[in-house]
There are 2 protein chains.
Amino acid sequence: MLSRKAQYAFRALTHLVEKYDQGPVLISEISKKKKIPLKFLENILLELKKAGILESKKGKGGGYYIKNHPSKTHMANIIRIVDGPIAMLPCVSLYFYERCKNCNEEFCALHDTMIAVRDATLGILEHRTLQDLTIPR
Amino acid sequence: MLSRKAQYAFRALTHLVEKYDQGPVLISEISKKKKIPLKFLENILLELKKAGILESKKGKGGGYYIKNHPSKTHMANIIRIVDGPIAMLPCVSLYFYERCKNCNEEFCALHDTMIAVRDATLGILEHRTLQDLTIPR
DNA sequence: CAATACCCTACCAAACAAGTGGACTTCATT
DNA sequence: AATGAAGTCCACTTGTTTGGTAGGGTATTG
């Protein structure tokens, strides 16, 4: 399951996509419009900025805005930044790989199943972008 | 990510599949062979029993064993018992459905993406069974 | 100077991982 | 039958991590 933090991140990003190319947006505006706790949102946006997704401007007339075109950032990327690994096991993660203990000595039966799950999931999340967040079905 | 508990569960089940139809297996034997903390494993097995996956026999000569044929139990089922929802959002979960707050008023952009992810994931996990745990590839 | 992002610390609650102690059940031996 | 060892069963406790909240102070810009 996505953490609430990740869900907030997507909600905030949705707002920022709608305001794309209209200058910086106040944290407080996003917080109000999307009903996200202000201080919590502050941390999330900062994290997204440090990860290169957002840009910010300080002082009067400042705020947050999306760095690159929304179609350039994939949903999978956002999840990795906020929640970490997408894969179900560390030993099948592409970006957060860790060798399983007891996974070499004994035959790791889950391994190939979880690779299949990962590929199926990424097949979707790597092809949807921030722009899709505002496209109604 | 799967919790360590779920990983333990799969490791333990792998052992039980190997010993299927050979009578009850001791918790202590599984704990030793698969390097799982004994008392923790005790709780996991009990949970799997209550969920109808395992059967147990008390007293001397007792132990745990798989209730139905290993090909009858899907991996998705095990994950749901131990870790809960497989879906990434409560509002797209089949077995743990919950209505999202702010998902009705505003357009929930993630919804259909997460349904796609869920279906892709279940397409795999609903077709792999405990028996697959012991089939080397 | 005022508005705003940035940053730091502390705090609370829940979940997770693991361990403890003991009650209850079954079986084999005598 | 009585006994004791071998087992599961189960309610607690403990320590750690994580998710989320709250407040205040600093730096930067118009």
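**Exercise 1: a pair of salt bridges**

Starting from Asp112(B), which at 26% relative accessibility counts as partly exposed, work out which residue it pairs with in this predicted model, and then examine the salt bridge between Asp112(A) and Arg128(B).

*Solution.* Step 1: The partner of Asp112(B) is Arg128(A), and the closest N and O atoms of this salt bridge are 3.4 Å apart. Because Arg128(A) lies in the segment after H5 of chain A while Asp112(B) belongs to helix H5 of chain B, this pair joins two chains.

Step 2: Arg128(A) has a relative accessibility of 24%, so Arg128(A) counts as partly exposed.

Step 3: In the other pair, the side chains of Asp112(A) and Arg128(B) meet in a salt bridge with an N to O distance of 3.4 Å. This pair also crosses between chains, running from helix H5 (residues 111-125) of chain A to the segment after helix H5 (111-125) of chain B.

Step 4: Buried means under 20% relative accessible area, and therefore Arg128(B), at 19%, counts as buried, whereas Asp112(A), at 24%, is partly exposed.

**Exercise 2: a salt bridge in chain A**

Find which parts of chain A are linked by the salt bridge of Lys19(A) and Glu29(A), and decide whether Lys19(A) is buried, partly exposed or exposed.

*Solution.* Step 1: The structure holds twelve salt bridges over all chains, and one of them brings together the side chains of Lys19(A) and Glu29(A), at 3.9 Å from N to O. The pair links distant parts of the chain, since Lys19(A) sits in the loop between helix H1 (4-18) and helix H2 (27-34) and Glu29(A) in helix H2, ten residues apart.

Step 2: With 28% relative accessibility, Lys19(A) counts as partly exposed, and Glu29(A), with a relative accessible area of 26%, is likewise partly exposed.

Step 3: As a general background to such pairs, side chains of opposite charge can pair when their charged atoms come close.

**Exercise 3: the surroundings of DNA strand C**

Describe how many residues surround DNA strand C, which element supplies the largest share of the surface near it, and which atoms make contact.

*Solution.* Step 1: DNA strand C is surrounded by 26 residues, and the closest are Glu42(A), Lys49(A), Ser56(A), Tyr64(A) and Lys39(B).

Step 2: The largest share of this surface, five residues, comes from H3(A), and by class the surface has seven nonpolar, six polar and 13 charged residues.

Step 3: Of the strand C atoms within 4 Å of the protein, 62% belong to sugar or phosphate, with the rest in bases. A polar side-chain atom of Lys49(A) lies 2.7 Å from a phosphate oxygen of the strand, a polar backbone atom of Arg4(B) is 3.2 Å from a phosphate oxygen, and a polar backbone atom of Lys60(B) is 3.2 Å from a base oxygen.

**Exercise 4: the surroundings of DNA strand D**

Identify the residues that come nearest to DNA strand D, and state which element supplies the largest share of the surface near this strand.

*Solution.* Step 1: Among the 23 residues around DNA strand D, those that come nearest are Arg4(A), Lys39(A), Lys49(B), Ser56(B) and Tyr64(B). Sugar and phosphate account for 70% of the strand D atoms that come within 4 Å of the protein.

Step 2: H3(B) gives the largest share of the surface, five residues, and by class the surface has six nonpolar, four polar and 13 charged residues.

Step 3: A polar side-chain atom of Ser56(B) lies 2.5 Å from a phosphate oxygen of DNA strand D, while a side-chain N or O atom of Arg4(A) is 3.2 Å from a phosphate oxygen of this strand.

Methods
Residues numbered from 1 in each chain as written. Chains lettered and ligands numbered in written order. Predicted model: local features only at pLDDT ≥ 70, side-chain atom pairs only at ≥ 80, totals over all residues. Heavy atoms only, no water. Near = heavy atom within 4 Å. Polar contact = N/O pair within 3.5 Å; in protein donor to acceptor, adjacent residues only side chain to side chain. Helix = DSSP H or I, 4+ residues; strand = E, 2+ residues; numbered from the N terminus. Nonpolar A, V, L, I, M, F, W, Y, C, P; charged D, E, K, R; others polar. Salt bridge = Lys/Arg side-chain N within 4 Å of Asp/Glu carboxyl O. Buried < 20%, exposed > 50% of the residue type's maximum accessible area, 1.4 Å probe, protein only.
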